[in-house]
Structure formats: structure tokens, C-alpha cells
Amino acid sequence: MRGVIEKLSDEGLGVLRNGRKEILVPYTAPGDIVEVRKWRKKKKKLIATDFEVVEPSEIRVEPKCSHFSRCGGCLLQHIPYKEQLRFKSSKLSRYLGMNVEVIPSPVIYGHRNRIDIVISTKGIGFRRYGTWWDVVGIEECPVFGETSGRVLNALREFIEDEKLSPYDIRKNKGFLRYIVIREGKFTGEVMVNLVTKEGKLPESFPDYFPFATSLYWSVNRSESDVSYGDVERFWGEPFIRERLDDVTYLIHPNSFFQTNTYQAVNLVRKVAKLANGERVLDLYSGVGTFGVYLAKRGFRVEGIEINPFAVEMANENARINNVEATFKVGSDKDVESLSNYDTVIVDPPRAGLHPKLIRKILRDEPERLIYVSCNPKTLAENISHLKEKYRIESAVGLDMFPHTPHVEAVVELKRFET
């Protein structure tokens, strides 16, 4: 098939049409003339696997990363940043049925504060786009910043000196599996977490990473291909710190934190501006990113989170910031009553709100909801049920993920007056 890329799909792939057939072509831009030779079916969609850009679009720009179009981490580096924002705004607007502005990321390279790098027989880097078994070796990740190159150089030296075996993904064999790098962008603190299978780690390991504030060795004892495990040992500090305005957060290898620190500042500020009243319930509260920030501004905050370790971290974050906020373990569907709160914040996983929680919101009718979402589809579906008693007061997007098709949304929902 040969033709012109009309637009980008929601997944950030170029759309090529020929009659009733639609093929999605990665790493293409609207206006590209492409020739597609092979494609495969994935989740009822046709994805090009062998193609050529015959004539590039005028809107294309030169990607900053030399691994772009092979590494699966970024899909849109060849699209001008203003066009990326326009694409994300259009997607959010379509799902929500209203015009939604997207706030640009203050930084579009060096913004990620975490990357999970595969250590494999194929190379040390990221998965090749469209595969689980292949890896594109990298020297540095521009999306993370210069620290990534420093860590990877030290890792390669360590592997060579100690003659260690990288992971064979297909055979599920080998000692070294992942190295996870985290960085406090506003504090400069660095955490390095080496994830291995069971075995013996050479005692020389910490000597290669003297620049790390916090150095961990974790063991993945399962067959699952995941970048975390049981903490076996650590050197230096048990946590690194990050700051969002006047709030300090502790970060542990196994805790979640918003991956774009620079934009996370705008996110917490936005949520704090929308919060109203005195009592706030922070559902899916994680390590207290919103809850602790709001408590610092005088709100009485209670948080509920299903992950016990995240709850422990949230309470510790409240303690070190000297604020009164209480976080406890619980599930979204197990909330007893929402009617006692002036504002309820929900930041669910991609699957959205549990149906029981939606029914509880409609029953208890808290005055104001702030819905934070990274999945416009489930966000729109949930809001369609809540519209029975709530109206959208405001909606905005925040580009937490430059060069990817993903976008964060913050929607303010207000109860209809009776």
C-alpha cells in the first residue's frame, strides 16, 4: 500500500487509508507519503511492520535522540512540539466534548525522573518498538538527561570487570535484568537500583557508583519480566528527595512518583487551586503527592490507597513536612462515606473508577470532585455516568509525557444545585 498519512491515531501512529482498510504506521507524521509492504494484526488493528517514508512531510523535525524510530520509548520526537500539543488537545477535546487546552511541559528533554533500562544479551537499553524480546542498546537517554549516560558507563564497566551475565529474554536466563535510574530534578539526588535474579552480587558493586545518593540491589525472584524486586541491600541513603514548591517527598525504589517533576509542579498547583472547602479526601493517594501538598496549604486531608507501602510513604511524607494529613490502606470501592468531604480528589489507574465508587459518589453527592486521569477514554466513560448529578466546571490537560501520545487531564466536577 502507498499513500499519504492523514493524521495521528490516539496511540500516536500515522493513519494510512486505502478504501476501507486502515493501517497504522509508527514514527510517521501527517503529510508523509509512505509505502507499506507488511503489516500485522494487533487487537483488531493493522500495524505496519515493514514500511518506508517515500516523501517526508513538511512538518517533520529532526529527532534529538539517535535511537529514535528503533527504541520504543518515544513515538513523537519527529513531530514539532507545538503539533504534539495540538494533537493532545484535540484528543482530549474529542473525548470530553469540549475545547481543552493542554499546558506544555516546562522542559521537553531531561524531564523524566525515572527510566527502567533492560540489561540483556541483545544490549543495554529499551525494548525495540513492537517487541518484547529485542532491545535497542543506548549510550544515554536525552529524555532523562546526562545522568543516564554516567550510570550506563559505570554499569558497563562493572559488567566487563566482573564478567557478569546479562539477561537472555527469550530463554529467561541470566543474572542481571534491569537498572532503574531515578533523579530528584530539583534536589540533584540520584538513585540507582540494580535488579537481578537470585545470585551473588560482587562486593565491588558500590565502587562503580560513587555519585549515587542512594544505591540499591533488588532481587526479582519471579519469572515475571518486571523492573522491581525484593530489596536485598542498599548503600548510602534509603531514599532520595524531590521537592514540589515547598513540599519535600521521599522516593524509594518501589514507590511511584509523577515521572515529569517539572510538570508535576503545575499539576499539584492546579489541583490545589481547584480544591475548595476545609475537608479533602484524596483517593488513590499514592505517596501523598496531592494530599501532603494540600495539607501544607491548610486543608484537612485524609487519603486512601490500596498499596500498604505507599501509605507508609505518604504518612512519612506528611511527617517530614510537619503537616496534619492521615493516609490509610483501603480500596476505592470500600470507601464508607463521601458526604463528609468538601472536595474529593480521584487519581485512578488507567482502568478508571470502580463502578461501586461511581455509585457511591452519586449516592453521597460530595460537592466537588477533582478527577486526575492519564486515560482520556476511561475518564470520559466515568464522567458520562457522573453527569447524572455533576457538571464539568473546568477541564485542562497537562503534558506530562512529551514525545509520547499520552496526556494528563484534570477535570473539575461540581454537583448540580438542588
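**Two cores, one open sheet, and a buried tyrosine**

Let me start with the core. The largest nonpolar core has 47 residues, and those with the most contacts inside it are Leu 155, Ile 179, Leu 194 and Phe 209. Keep in mind that this is a predicted model.

Which elements give two or more residues to this core? There is one helix on the list, H2 (146-162). The strands are S7 (114-120), S8 (123-127), S10 (176-183), S11 (190-196) and S12 (214-219). H2 gives the most, with six residues.

Now look at Leu 155. Leaving aside residues up to four places away in sequence, Leu 155 touches Ile 119, Ile 124, Ile 179, Leu 194 and Phe 209. There is also a second, separate core. That one has 41 residues, including Leu 244, Ala 264, Phe 290 and Val 323. As background, nonpolar side chains tend to be buried together in soluble globular proteins.

Next, Tyr 167. This residue lies in the loop between H2 and S10. Is Tyr 167 buried or exposed? Its relative accessibility is 3%, so Tyr 167 counts as buried. Its contacts, again not counting residues up to four places away in sequence, include Ile 119, Ser 120 and Thr 121. Asn 172, Lys 173, Gly 174, Leu 176 and Lys 197 are also among them. Arg 177 is touched too, and here the side chains are joined by a polar contact of 2.9 Å. Compare Arg 150, 17 residues from Tyr 167 along the chain: the two C-alpha atoms are separated by 21 Å.

On to the sheet. Five strands form an open sheet with mixed pairing, in the order S1-S4-S5-S3-S2. Why is one side of S1 and of S2 left without a neighbour in the sheet? Strand S1 (2-4) and strand S2 (14-18) stand at the edges and each has a single partner strand, so one side of each stays unpaired. From one strand to the next, the twist averages 45°.

For S1, the partner is S4 (residues 33-42). The two run antiparallel and are joined by three bridges. Val 4 stands opposite Ile 33 in S4.

Last, the cysteines. How many disulfides does the structure hold? Zero. For Cys 71, the nearest cysteine sulfur is that of Cys 65, 6.3 Å away. Cys 71 counts as buried because its relative accessibility is 10%. For Cys 74, the nearest cysteine sulfur belongs to Cys 71, at 6.4 Å. Cys 74 is at 12% relative accessibility, so it counts as buried.

Definitions and conventions:
Residues numbered from 1 in each chain as written. Predicted model: local features only at pLDDT ≥ 70, side-chain atom pairs only at ≥ 80, totals over all residues. Heavy atoms only, no water. Pairing = 2+ DSSP bridges. Helix = DSSP H or I, 4+ residues; strand = E, 2+ residues; numbered from the N terminus. Axes fitted to C-alpha atoms, helices over the stretch in contact; angles between N-to-C directions. Core = buried A, V, L, I, M, F, W, Y, C linked by side-chain atoms within 4.5 Å. Buried < 20%, exposed > 50% of the residue type's maximum accessible area, 1.4 Å probe, protein only. Contact = heavy atoms within 4.5 Å. Disulfide = S-S within 2.5 Å. Polar contact = N/O pair within 3.5 Å; in protein donor to acceptor, adjacent residues only side chain to side chain.
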